[in-house]
Amino acid sequence: MEGKSWKKKWQRNRIRNRKKKVLKEELQCAFAAPKPQRREAFLQLLSERSLGTEQSLETDRLLKTGLPSFVLSQVMYISKGIWWLSAAVFAAACLLAASPGMAGDRNQNQVIWGISALAPLLAMTVIAESGRSQSFRMAELEMATRFSLRSVALARLGILGLENLGMLILLAFMGRGGDGAGQDGSIVQAGLGILLPYLLTSFLGLWIVRRFRGREAVYYCFGMAACISILVFMTPGHMRYPEQERNLLWWAAAAFALGVGTVKQYVRLVGETAELVCGSYNS
Amino acid sequence: MPMDPGEQYDRIYRYCYFKLHDRELAEDITQETFLRYLERYRCDSAQEILRCLYTIAGHLCVDAYRKHRDVPLSALSAERVEGSLPGREETGACEAEQTVSRLAVRAALNGLQEEEKELLLLRYVNEVPLQTIAKILGISRFAAYRRIVNASGKLKENLRREGF
């Protein structure tokens with residue numbers, strides 16, 4: 001008896017639920033509107049616009065935090081290894097310049113090429129930092145953080161760029177040295193001698209970072225930097241410091257071309273990050 | 001909290017169409033709603049986003065209604081006149097199924113007041129949470145619940161009369 005009433009109740013509930021479902025469907029049909037004509041075009045426009053809004057929101061955040069304090073906050077997040085590498089390069093340059101018996105025309109040539117051979121390692125600090133997010137496969141996650149990957153990367157590259165500039169100027173002064181007769185060498189020549197391998201490493205390193213993903217890119221970059229460094233170190237036998245004066249214009253032109261190439265690689269790298277951001281928004 | 005316009009577009013458009021019975025106008029107002037929201041509002045929760053969207057859409061519909069109030073009936077598009085029976089030409093999945101029950105539901109709905117129809121649309125068709133409906137209407141949650149229960153009760157009564 002009890003079983004029958006339970007069955008009746010169950011059937012009644014089932015019918016009621018079915019009626020409710022039908023009623024809901026019928027209500028949806030009754031309130032249905034004609035298909036919108038411009039939906040897709042509008043949503044496309046909106047996704048582009050919302051990307052702009054996100055960027056303006058980030059600008060608001062940056063203004064609120066203060067640009068200098070934001071940039072300074074990024075100093076802490078730069079890998080300690082990079083600071084250690086910079087310090088090691090500086091220490092090696094100091095040792096090279098201050099080592100006894102380095103005065104004199106011939107030895108001065110060795111100092112400048114020795115310091116130039118260290119420049120690729122200095123360039124590696126910037127390259128390793130620019131490819132860090134990708135090498136740890138954190139780029140996608142970092143795009144969703146409070147400050148976008150692009151702002152963070154630009155801030156860190158700015159810091160390291162300034163640090164490298166300071167180092168290069170110091171190295172150029174160290175490399176300038178003298179000819180042993182109390183006369184100082186040209187700072188332009190020393191600067192170009194150091195800048196050329198630095199820019200060559202930066203250019204090739206950024207190209208590698210753009211081409212290869214993951215940790216492989218960093219390994220290739222270090223390999224390439226080591227090759228350039230060794231090549232530069234071996235150069236003094238074939239190319240003497242005073243002879244550089246004759247080819248100064250060529251050196252300057254090569255440095256300029258490599259500088260333009262490096263800037264282009266940076267712009268492309270940043271552009272690719274932006275494309276990645278657009279892709280993640282659209283998907 | 002980011003808003004997904006694709007998810008809400010159809011619902012807001014349906015709401016606007018219900019208010020205006022004009023496809024072009026409803027779509028214009030739907031788009032204007034999203035643009036205004038993105039320009040002026042930053043909501044933290046999904047409920048707040050819905051409240052903002054429906055409130056903006058409601059106000060824009062009122063404005064549009066006032067603007068078009070003086071337009072003579074003959075000037076309106078055939079679609080707008082037929083708006084009371086949507087789904088006649090282009091309601092997608094519902095197009096083929098013109099059943100008796102559908103007519104009964106429409107007839108039952110015609111026996112309701114506009115406000116009651118709006119409540120049913122929001123709650124059962126657009127699936128807006130009760131709390132958000134209360135906020136949109138500016139009433140308490142309990143009052144919103146009572147009104148929805150009354151409207152659905154009235155609809156069921158009308159349906160019973162139609163033999164559903």
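**Exercise 1. Place A:A225 in its chain and decide whether it is buried or exposed.**

Step 1. A:A225 belongs to helix α10 of chain A, which covers residues 215-234; helices here are DSSP runs of H or I with at least four residues, strands are runs of E with at least two, and both are numbered from the N terminus. The model is predicted, so that local features need pLDDT of at least 70 and side-chain atom pairs count only at pLDDT 80 or more, while totals for chains, interfaces and linings use all residues. Residues are numbered from 1 along each chain as its sequence is written, and chains are lettered from A and ligands numbered from 1 in the order in which they are written.

Step 2. A:A225 is buried because 24 other C-beta atoms lie within 10 Å; the term requires 20 or more, against 12 or fewer for exposed and partly exposed in between, with C-beta atoms placed from the backbone.

Step 3. Leaving aside neighbours within four places in sequence, the contacts of A:A225 (C-beta atoms, placed from the backbone, within 7 Å) include A:P120, A:M124 and A:G205.

**Exercise 2. Describe the fold of chain B.**

Step 1. Chain B has 8 helices and 0 strands.

Step 2. Of the 164 residues in chain B, 36% are buried.

Step 3. Taking contacts in chain B between residues at least 6 apart in sequence, 67% join residues at least 24 apart.

**Exercise 3. Find how many residues each chain gives to the contact between chains A and B.**

Step 1. Chain A gives 22 residues and chain B gives 28.

Step 2. On the side of chain A that touches chain B, the elements giving two or more residues are α1 (2-30) and α2 (39-65).

How values were computed: Contact = placed C-beta atoms within 7 Å.
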